[in-house]
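Here are some exercises to work through with the model open beside you. Try each one yourself before reading its solution.

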Amino acid sequence: MVSQFNLEHIGDVRAFLDACRKHVAADGMLVIQVPDIDEFDRNGQPNFLAHEHLQYFRRAPLEQGLRRAGWQPIAWGADGPSLICAARPSAAAAMPAHVNGHAALERIVGRFTAAPTLAARPLIFYGVGPQLFWLLQFVDRARVRHVIDDNPGYRGMAVPGSGWPVEMLTPEMLRQTPYVVLSLNSIYHERVLDRIRRLQVPATILACRDGRWGETALPGA
């Protein structure tokens, strides 16, 4: 049985894991994949919340939950944006309450108050999501010229609470407004930078890396 990016949307995770246990044969396996909030601590992301997520996972509490529900983890994926665990059915384990991650969570929460320094110039936001709305508290909205997102599902939609349409980036937009703030998860940053480079238009990119905001100049053609 495979549960991929599912548990974070479920209110009663224990009930779900119990149900999986009942439907998997004794020699079967459960493969779980969920977002790993530790990744946001490792890469210094200032914002990890998602409005549709009811749960946030770190490895130790996830392992504890699996064991309590009668699953024995046998393999874990490498560190990255998500936790991946393969588990076999086993006897449910009685485990003590697990206190874990307070220091990491305090570091993450602290980044919410660390305001980036945005240049006082017209800008483009690249990415629609929680980080965009967090960044908007630090910028004069009159300076926002475009909001970009590569998700085709956003076509024809506008950013909630504003009149900004969600657009695809064009060379003309970048020529007119060559200052781009990356307002999306850092796992997409290199992909986005490659797309901007291919436009061959000089631009300045502001992004968060390792917990620090900094500008990168792209020379263009």
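## Exercise 1: An aromatic cluster

Trp134, Phe138 and Trp213 are joined into a cluster by ring pairs. The model is a predicted one, so keep in mind that side-chain atom pairs count only at pLDDT 80 or more.

**Task.** Work out which kind of ring pair Trp134 and Phe138 make, and how buried or exposed each of the two residues is.

**Solution.**

Step 1. Start with the count: the structure contains two aromatic pairs.

Step 2. Find the geometry of the pair. The ring centres of Trp134 and Phe138 are 5.2 Å apart, and their planes meet at 80°.

Step 3. Apply the cut-offs. Centres must lie within 6.5 Å, and planes over 60 degrees apart count as edge-to-face. The pair of Trp134 and Phe138 is therefore edge-to-face.

Step 4. Turn to accessibility. Trp134 has a relative accessible area of 5% and is buried, whereas Phe138, at 25%, is partly exposed.

## Exercise 2: Strand β8 and its neighbours

**Task.** Describe which way the side chains of β8 point, and say which strands β8 pairs with.

**Solution.**

Step 1. Recall the general pattern: in a regular strand, side chains alternate between the two faces of the sheet.

Step 2. Check it on β8, residues 179–182. Tyr179 and Val181 point one way, Val180 and Leu182 point the other way, and all are buried.

Step 3. Look at one partner. Strand β5 (residues 123–126) pairs with β8 in the parallel sense over three bridges, and Tyr126 stands opposite Leu182.

Step 4. Look at another partner. β9 (residues 203–209) also runs parallel to β8, over three bridges, with Ile205 opposite Val180.

## Exercise 3: The helix between two strands

**Task.** Which residues of helix α7 are buried, and what covers them?

**Solution.**

Step 1. Place the helix. α7 spans residues 189–198 and forms a right-handed β-α-β unit with β8 and β9.

Step 2. List the buried residues of α7: His189, Val192, Leu193 and Ile196.

Step 3. Look down the axis of α7. The buried residues fall within an arc of 100°, so they line one face of the helix.

Step 4. Find the cover. Among the elements over these buried residues are β5, α6 (171–176), β8, β9 and β10 (212–218).

Step 5. Inspect the backbone just after α7, where Gln200 has a positive phi of about 55°.

## Exercise 4: Salt bridges

**Task.** Sort three of the salt bridges by where their partners lie: in one helix, or in separate parts of the chain.

**Solution.**

Step 1. Begin with the idea: side chains of opposite charge can pair when their charged atoms come close. With a cut-off of 4 Å between nitrogen and oxygen, the count is six salt bridges.

Step 2. Take Asp18 and Arg14, whose side chains meet at 3.0 Å, N to O. Both sit in helix α1 (residues 13–23), four residues apart, about one turn of the helix. Asp18 is partly exposed at 26% relative accessibility, as is Arg14 at 42%.

Step 3. Take Arg67 and Glu63, which meet at 2.8 Å, N to O. Both belong to helix α3 (residues 59–68), again four residues apart.

Step 4. Take Asp150 and Arg195, whose closest N and O atoms are 2.2 Å apart. Asp150 lies in the loop between β6 (144–148) and β7 (166–167) and Arg195 in helix α7, so this salt bridge ties together parts 45 residues apart in sequence. Asp150 is partly exposed at 25% relative accessible area, and Arg195 is partly exposed at 33%.

Key. Residues numbered from 1 in each chain as written. Predicted model: local features only at pLDDT ≥ 70, side-chain atom pairs only at ≥ 80, totals over all residues. Heavy atoms only, no water. Buried < 20%, exposed > 50% of the residue type's maximum accessible area, 1.4 Å probe, protein only. Pairing = 2+ DSSP bridges. Right-handed = clockwise from strand over helix to strand, strands pointing away. Arc of directions from axis to C-beta. Contact = heavy atoms within 4.5 Å. Phe/Tyr/Trp six-rings, centres within 6.5 Å; stacked < 30°, edge-to-face > 60°.
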